[in-house]
Amino acid sequence: KSLSVLAPHLDNELKIQILEKALTNVRNIKDEDHRANALSVLVPQLTNDLKIHAFSIMNDIKNETFRADVLSAVVPHLNDELRKQVLTAAHEIKGNSSRAMVFSNLAPYLNTETQVVVLQDILFKSYLHPLDKTFNKILELWKGINFEGLEKHLNRFIKVVSQKERKDGVEIVGMLTPALIHLHGPEIASELYRAIQDTARWWP
């Protein structure tokens, strides 16, 4: 870590030597959590060539949570080619919450078509719990592309929501209201209000 702090103050040739040494040291860290944290600090300072080597170190982290943490952290500091590799690496993460975290951090840097695929994966394939902290972030990202592609899955998602406890269901509907209004017009708001009132009356 001390090497990476020193590097920005050195001339270019010496800086690269220091960062190469720092990267070698990081690769040799046994504890995967510490290795992931060190990469998160180091990667923003690396050249594109060194970032390629750093990416291979990230992929060697076996613990999915630690791997997802570092992939999410470095996304803003990568070029488009490496972000494509992050997308591929994220698809290989089996844990729903970890995969969703990487996707949600990666999505703003993707084109609209790929964003739709990624956002659909998070909400409908990853079975992300609607009250997971990532869920609201995903809806905000989707709002930024006018909820494109959401209408194809909305009915299925609402069916899943209807099977939740009433308190959770009402909160989720509240989160989804901007999407519902965008897709079905402002009149849907009054219909939702009546539905919530009816639910409260039938199952107090």
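Entry 1. Terms of exposure. I began by fixing a definition: a residue is buried when its relative accessible area is under 20%, exposed when that area is over 50%, and partly exposed in between. I looked up Arg-27, whose relative accessibility is 39%, so I entered Arg-27 as partly exposed. I note here that the model is predicted.

Entry 2. Salt bridges. I looked for pairs of oppositely charged side chains. Such side chains can pair when their charged atoms come close. The count came to 2 salt bridges.

I took the pair of Asp-60 and Arg-27, whose side chains meet at 4.0 Å, N to O. Asp-60 lies in the loop between helix 4 and helix 5 (64-74), whereas Arg-27 belongs to helix 2 (residues 12-27), so this salt bridge ties together parts that are 33 residues apart in sequence. Asp-60, at 43% relative accessibility, is also partly exposed.

I then turned to Arg-83 and Asp-80, which form a salt bridge with an N to O distance of 3.5 Å. Both residues lie in helix 6, 3 residues apart, so about one helical turn separates them. In an α-helix there are 3.6 residues a turn, so residues three or four places apart point the same way. I compared the exposure of the two partners: Arg-83 is buried, with a relative accessible area of 11%, whereas Asp-80 is exposed at 52%.

Entry 3. Asp-80 again. I located Asp-80 within helix 6, which covers residues 80-91. From C-alpha to C-alpha, Asp-80 is 8.7 Å from Leu-110, although 30 residues separate them in sequence.

Entry 4. Lys-51. Is Lys-51, in helix 4 (residues 48-59), buried or exposed? I found that Lys-51 is buried and yet has no salt bridge. The nearest side chain of opposite charge is that of Asp-49, 11 Å away. I next asked which residues Lys-51 is in contact with, leaving aside neighbours within four places in sequence. They are Val-43, Leu-46, His-77, Leu-78 and Leu-82.

Entry 5. Helix 3. Which residues of helix 3 (residues 32-42) are buried? I recorded Glu-32, Arg-35, Ala-36, Leu-39 and Leu-42. These residues lie on the same side of helix 3, because they cover an arc of only 130° around the axis. I also inspected the start of helix 3, where a side-chain oxygen of Asp-31 comes to within 3.0 Å of the backbone nitrogen of Asp-33.

How values were computed
Residues numbered from 1 in each chain as written. Predicted model: local features only at pLDDT ≥ 70, side-chain atom pairs only at ≥ 80, totals over all residues. Heavy atoms only, no water. Buried < 20%, exposed > 50% of the residue type's maximum accessible area, 1.4 Å probe, protein only. Helix = DSSP H or I, 4+ residues; strand = E, 2+ residues; numbered from the N terminus. Arc of directions from axis to C-beta. Polar contact = N/O pair within 3.5 Å; in protein donor to acceptor, adjacent residues only side chain to side chain. Lys, Arg positive; Asp, Glu negative; His and termini not counted. Contact = heavy atoms within 4.5 Å.
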